[in-house]
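Biologist: Please take one part of this structure and examine it closely for a first-year student. Begin with the chain as a whole, and explain each term as it arises.

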Amino acid sequence: MDGDIDDLDRLVDEMLVYTRLERGSPELTFQAVDLSALVDQVIGELAPLRSSVRVERGACVLADDGSTVVEAEPHYLRRALSNLITNAMRHAETRVQVSFVIDAERAQLAVDDDGPGVPEEAWEKVFAPFLRLDDSRTRASGGHGLGLSIVRRISYWHGGRSQIGHSELGGARFSLVWPRKQPGQ
Ligand SMILES: Nc1ncnc2c1ncn2[C@@H]1O[C@H](COP(=O)(O)OP(=O)(O)OP(=O)(O)O)[C@@H](O)[C@H]1O
Ligand SMILES: [Mg+2]
């Protein structure tokens, strides 16, 4: 019963975030966010939830000025990163890697895992709301299929995009790319 209520709580929360983002023009207040600190924080929160999977930082490339600061809406960016790491941890065999690249114009965050990956024909589909590829297999483990649609909306509202690909670890690689400086900020 408690589990069901938690589950319902999570669903309502996700649906609120999603509809707010979908309705258009959410009020995003962009701020300076230290990407390195954010990555460490989110890893620190999520890694203990599944001890059989090691969640670590991969190679991180800093801007020429050595800075790890980017412009973003901190809560939404954290939400997007958590959604990607949660997915990766759910599907990984043993490892998840979180990395970023910052250059003068852009910031890119990537989450890699060593799970089964996503077949190319499903690359566009997985971002659709309520879609779960592995419905029958892992229904018990979880979600409602909103996580990636939220990630996509968040990157869109940052003037960026979300991408999916093959990971060198053998599984999926999901990334977010957005402008390091938001126009008019
Ligand atoms: N790292 C990954 N490896 C393999 N498949 C993935 C991965 N991330 C997402 N998927 C597939 O994409 C589907 C959609 O992901 P999404 O995050 O939107 O939903 P969910 O994780 O099932 O539920 P929710 O995020 O709402 O808890 C997943 O159900 C899964 O089939
Ligand atoms: Mg998810």
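**From the whole chain to one helix**

Modeller: The chain contains five helices and seven strands, where helices (H or I, at least four residues) and strands (E, at least two) are DSSP runs numbered from the N terminus. The model is predicted, so local features need pLDDT of at least 70 and side-chain atom pairs count only at pLDDT 80 or more, whereas totals for chains, interfaces and linings use all residues. Residues are numbered from 1 along each chain as its sequence is written, while chains are lettered from A and ligands numbered from 1 in the order in which they are written.

From the N terminus on, the order of elements is α-β-α-β-β-α-β-β-α-α-β-β. The radius of gyration of the chain is 16 Å, close to the 16 Å of the globule rule for 185 residues, so the chain is as compact as a globular protein of that length. This radius is taken over C-alpha atoms, and the rule is 2.2 Å times the number of residues to the power 0.38. Buried residues make up 34% of the 185 residues; a residue is buried if 20 or more other C-beta atoms lie within 10 Å of its own, exposed if 12 or fewer, and partly exposed in between, with C-beta atoms placed from the backbone.

The part chosen for the close look is helix H5 (147–157). Eight of its 11 residues are buried, so H5 is largely enclosed by the rest of the structure. The buried residues of H5 are Gly147, Leu148, Ser149, Ile150, Val151, Arg153, Ile154 and Ser155. After H5 comes glycine 159, with a positive phi near 75°.

H5 also has a place beside the ligand. Ligand 1 is surrounded by 24 residues, and Gly147 and Leu148 are among the closest, together with Arg132, Leu133 and Gly143; a residue is near a molecule or strand if its C-beta atom, placed from the backbone, lies within 6 Å of it. H5 and helix H3 (74–91) each supply at least two residues of this shell, and the largest share, four residues, comes from H3.

The largest nonpolar core has 39 residues, such a core being a set of buried Ala, Val, Leu, Ile, Met, Phe, Trp, Tyr and Cys residues joined through C-beta atoms within 7 Å. H5 is among the elements that give two or more residues to this core, and H3 gives the most, with eight residues.
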